[in-house]
Amino acid sequence: MPKILVTCPPMLGMIQEFMPLAAAQGFELVPAQVTQTLSQDELCALLPAYDGWIIGDDPATRRVFEAGRAGRLKAAVKWGIGVDNVDFAACKDLGIPIINTPQMFGGEVADVALGYVIGLMRQLFEIDRGVRAGAWPKPAGRSLAGKTVGLVGFGDIGRSLARRLRACEMDVIAFDPGQAGDGGIAGVQRAAWPERVGECDVLAFTCALNAHNRHMLNAAVLAQAKPGVMVVNVARGPLIDEAALVDALQRGQVRAAALDVFEEEPLPAASPLRDLPQCIFGSHNGSNTQDAVRRASHEAMQRLFGFLRD
């Protein structure tokens with residue numbers, strides 16, 4: 001029976017549901033022992049024993065694929081949308097068919113982003129912490145209606161978030177050179193990054209990471225931002241220069257930040273972000289609902305089974 005290594009944490013959280021489905025089609029799913037990602041060394045040691053690989057956010061590099069190809073590895077699927085960690089050119093060179101699973105959970109990630117926007121604007125997380133500590137805080141938050149969100153990325157997640165923001169009567173400026181128009185969402189304006197950043201009360205990142213946008217939110221851009229701007233990132237950590245963000249938070253140029261993703265994951269214990277109470281953190285978990293995981297995992301399995309049967 002062909003063996004498939006699974007290294008995607010959301011799928012691993014429901015792996016007992018998927019294993020019998022795979023077995024019924026003649027495949028064995030093998031769960032990796034992983035919190036967020038495996039290292040290249042760990043993958044090079046593991047992959048040669050497997051026919052297929054369902055990839056999470058692991059470093060799926062040429063070195064890793066070469067090690068797998070030297071063994072039994074025949075095909076792979078990247079679970080989810082983001083592919084910045086996968087060397088597709090190496091797969092092509094090595095004859096390893098590979099694909100991702102796009103359009104799976106734009107709504108789910110947008111829900112989390114909207115929750116962060118509301119939480120920051122109304123200081124809900126600060127209130128929660130105060131009440132738990134025995135206080136009874138009543139900070140004056142900011143109304144959502146009439147505020148402007150700079151939406152960085154206007155693909156599936158970005159458009160889903162724009163619809164939710166517009167329902168809250170917020171203005172939206174979308175930054176995305178790869179997507180034209182307003183997505184059929186009335187009231188969405190367009191601009192080229194970083195034009196009009198100074199108009200935004202919130203900057204929300206929903207775009208893919210690529211070679212051209214690493215650290216796109218940096219000290220120079222933050223200097224153009226409205227004093228007291230808030231930052232939300234549900235995309236990829238390296239889109240933001242964390243050192244520059246920490247400095248802006250410490251100076252008050254950035255009022256608060258909600259980060260579901262980081263430059264290094266899990267967030268290091270020594271990260272200065274941990275010392276900033278105006279920040280709220282996630283665990284790269286924006287897509288992780290039972291419905292979305294089931295949807296994406298079924299898609300990943302069927303695509304991989306198809307490759308392995310060919």
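A residue is called buried when under 20% of its relative accessible area is left. Keep that cut-off in mind as we walk through this predicted model, starting with strand 10.

Strand 10 covers residues 229-233, and 5 of its 5 residues are buried, so the strand is largely enclosed by the rest of the structure. Which way do the residues of strand 10 point? V229, V231 and N233 point one way, while M230 and V232 point the other way. Whichever way you look from strand 10, then, you find buried residues.

Now let's meet the neighbours. Strand 9, made of residues 202-205, runs parallel to strand 10, and 4 bridges join the two. If you'd like one pair to look for, try V202, whose bridge partner in strand 10 is M230. Strand 10 also pairs with strand 11, residues 254-259, again in the parallel sense, this time over 5 bridges. Here you can pick out V232, which stands opposite A258 in strand 11.

How does the chain get from strand 10 to strand 11? It crosses through helix 10, residues 242-251, and this β-α-β crossover is right-handed. On the other side of the story, strand 9 and strand 10 belong to a β-α-β unit with helix 9, residues 219-224, and that unit is right-handed too.

Next, let's hunt for empty space. How many cavities of 30 Å³ or more turn up in a search of the whole structure? The search finds 2. The largest cavity has a volume of about 70 Å³. One of the residues lining it is M230, which you've already met as the partner of V202. Others in that lining include G119, F125, R129, R255 and I280. Helix 6 (106-121), helix 7 (124-132) and strand 11 each supply at least two residues of this lining, and helix 7 gives the largest share, with 3 residues. Sorted by class, the lining of the largest cavity has 6 nonpolar, 3 polar and 3 charged residues.

The second largest cavity holds about 30 Å³ of space. Among the residues that line it are N233, G237, I240, L259 and F262. N233 is another familiar name, as it is one of the buried residues of strand 10. E242 and L245 are part of the lining as well. By class, the lining of the second largest cavity splits into 5 nonpolar, 2 polar and 2 charged residues.

So where does strand 10 come back into view at the end of our walk? Look for M230 in the lining of the largest cavity and for N233 in the lining of the second largest cavity.

Conventions:
Residues are numbered from 1 along each chain as its sequence is written. This is a predicted model: local features need pLDDT of at least 70, side-chain atom pairs count only at pLDDT 80 or more; totals for chains, interfaces and linings use all residues. Side-chain values use heavy atoms; hydrogens and water are left out. Buried means under 20% relative accessible area, exposed over 50%, partly exposed in between (1.4 Å probe, protein chains only). Helices (H or I, at least four residues) and strands (E, at least two) are DSSP runs, numbered from the N terminus. Two strands pair if DSSP finds at least two bridges between them. A crossover is right-handed if, with the strands pointing away from the viewer, the path from the first strand over the helix to the second runs clockwise. On a 1 Å grid over the protein atoms alone, a cavity is a set of points where a 1.4 Å probe fits but cannot get out, and a pocket is an open set with protein on both sides within 12 Å along at least five of seven lines; lining residues have an atom within 4 Å of a point. Grid points are joined across faces, edges and corners, and a volume is the space filled by probe spheres set on the points. Ala, Val, Leu, Ile, Met, Phe, Trp, Tyr, Cys and Pro count as nonpolar, Asp, Glu, Lys and Arg as charged, and the others, Gly among them, as polar.
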